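Hi,

Here is the structure I said I would pass on. Have a look at it first, and then read my notes below.

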Amino acid sequence: TKIFEFEKKYLYNSNAQELKDYILSAPKMTSTVEVFWQEEINLMQKANRNGGARTYMETLVALKKIRNMNVRFEQIDYRWLKEVEAELIGNGVKINSVGLYYRTLRAVYNKAINTEVVSFDHYPFRRYKIRKEHTTPHPISIEELQSYFRLQIEKDSWLYDSWLMGKLMFMLIGINFKDMVLMRESDIKAMRLIYSRAKTHTIYSIKLLPEALEILEHFKGRDKNTLLGKVTAIEMEDKIRFPLVIKQKNKVFNKHLSELGKIFECKEKLRGYVFQYTWANIAKQLGYSKDMIGEGLGHQQGNKVTEIYLQAFNPELIDKMNEQIFDKVNETKQIA
C-alpha cells in the first residue's frame, strides 16, 4: 500500500533509498490547530520574524477566548467561521480586527495544507469572504497643525520630547514610530535620511529639513545605537520581546500626543498616524497628484509589473513637495 502511495505522490521517482525511507517512516500524527499554530510561531521566532510571531500569538489567544483551538483543521468550516465572527463582533471586536484574525488563521490553514496536515478539500475560505470596513482617515486641519508647531512646551516638561518627535514625524513624511526610534546616525548621508522600513523593507530617502536637523541635534548623544535614544541596546537584543516594547513605547507616545492635542483644543484625538494623513491631505490641497503623494509616502502604485517599466518621480520633486508642505504649515508662524 505504501509503495502505491509513493508512486502516486512521487511520479517517476525511482530512487530506492527514498522509497525505503517512505515505507519505513512512521505515519504522521494528526496535528491540532493550536499545536500546529504554536509550531509556526516558534519557526517565525527562530527566523527573527518576531513582529509576525507576535501577531500570530495575539490572534491565537483571541480565538482561544471564543473557541477551543485544540481541534483538527477539518473542524474549522464555513459555519465555524461565521459563528466565531458573530461572537467576536458581539463582544465588541471591530470588523477590521476580526479581519486581521481571520487573515492570520487563513495563513496558518494554508501552511497546514502545504505541509499536508489537512487536505485542501476542507479549506473553508473558498466560500467565506473576510470582511473589511473602510477606515476613515483622520487628518487635522492646517490651522491645527500650525497650532501644534507653535506650542510653547518647556524643555523640562514630560511632553517636550514627544512634541519634538511629533514634529519630526511630520517632517519625515509621516514616518512610522518604530522606524523613527530605530534611526541610526549611519542612516544619515549627505543631509538625507536613508533607511529601510522595518515592516516592508522598502528603502526611503528623505531630505532633512533644517528644522528636522535641529530636532535631531536635541537628541544627539543620548545613545550610541539610535539617534533619539528611546530604545536601549538591551531592549533591542531581546528580539522576541522587542515588538511588545515598541508597542508600549508607541502607546506612551500617543498618550503624550493626546495631551498635547488637548492644549490647543484639537478636534481629532492626536495620534502618530495623524501626521501622515495630514501630510497627504495638505499635499492634495497644494495640487499634487495621488501618484506623487503615494510616491512620497512610499506606497506602491497600480500594477507591480507595470511599475517595472515606469520611472519613479525624481527625488528632487519629492523633496520640493515636502518643503512646500512644511512651508505651508509654517506660514502663520512666520506672519505671527
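Let me start with a charged pair: Lys262 and Glu259 join their side chains in a salt bridge, at 3.3 Å from N to O. Before you read too much into that distance, do keep in mind that this is a predicted model. Both residues belong to helix H12 (residues 242-263), and because they are three residues apart there, about one helical turn separates them. That fits the usual helix geometry: an α-helix has 3.6 residues a turn, so residues three or four places apart point the same way. As for the surroundings, Lys262 is exposed, with a relative accessible area of 55%, while Glu259 is partly exposed at 28%.

How many salt bridges does the structure hold? The count is 16. Two others are worth a look. Arg54 pairs with Glu58, and their closest N and O atoms are 3.2 Å apart. These two sit four residues apart in helix H4, so about one helical turn lies between them. Arg54 is partly exposed, at 27% relative accessibility, and Glu58 is partly exposed too, at 32%. There is also a third partner here, since a network of salt bridges links Arg54, Glu58 and Lys247.

The other one is in helix H5, where Lys82 and Glu85 lie three residues apart, about one turn of the helix. Their closest N and O atoms are 3.5 Å apart in the salt bridge. Which of the two is buried? With 5% relative accessibility, Glu85 counts as buried, whereas Lys82, at 35%, counts as partly exposed.

Now the aromatic rings. The count comes to 18 aromatic pairs. One of them is Tyr195 with Tyr204: the ring centres are 5.2 Å apart and the planes are at 15°, so this pair is stacked. Both of these tyrosines are buried. Elsewhere, ring pairs connect Phe36, Phe73, Tyr78, Tyr102, Tyr109, Phe120, Tyr123, Phe125 and Tyr128 into a cluster. Phe120 has a charged companion as well, as the charged end of Arg126 sits over its ring, 4.7 Å from the centre. Likewise, Lys167 lies over the face of Trp163, 4.0 Å from the ring centre.

Helix H6 (residues 95-114) deserves a visit too. Its 20 residues reach 28 Å from the first C-alpha to the last, close to the 28 Å expected at 1.5 Å a residue. Its buried residues include Tyr102 and Tyr109, both of which you met in the aromatic cluster. The buried residues of H6 pack against helices H3 (33-46), H4 (50-64) and H5 (78-90). After H6 comes Glu116, with a positive phi near 65°.

Finally, the interior. The largest nonpolar core has 61 residues, and Tyr148, Leu168, Phe170, Met180, Met183 and Trp279 have the most contacts inside it. Helix H8 (residues 160-171) supplies the largest share of this core, eight residues. Another core, of 32 residues, lies apart from it, and Trp37, Ala53, Leu60 and Val118 are among its members. If you want one residue to click on, try Trp279: leaving aside neighbours within four places in sequence, Trp279 is in contact with Phe170, Ile173, Ile293, Gly296, Leu297, Met321, Asn322 and Ile325.

Best wishes

Conventions. Residues numbered from 1 in each chain as written. Predicted model: local features only at pLDDT ≥ 70, side-chain atom pairs only at ≥ 80, totals over all residues. Heavy atoms only, no water. Phe/Tyr/Trp six-rings, centres within 6.5 Å; stacked < 30°, edge-to-face > 60°. Buried < 20%, exposed > 50% of the residue type's maximum accessible area, 1.4 Å probe, protein only. Lys NZ or Arg CZ within 6 Å of the ring centre and 35° of its normal. Expected span 1.5 Å × (residues − 1). Contact = heavy atoms within 4.5 Å. Core = buried A, V, L, I, M, F, W, Y, C linked by side-chain atoms within 4.5 Å. Salt bridge = Lys/Arg side-chain N within 4 Å of Asp/Glu carboxyl O.
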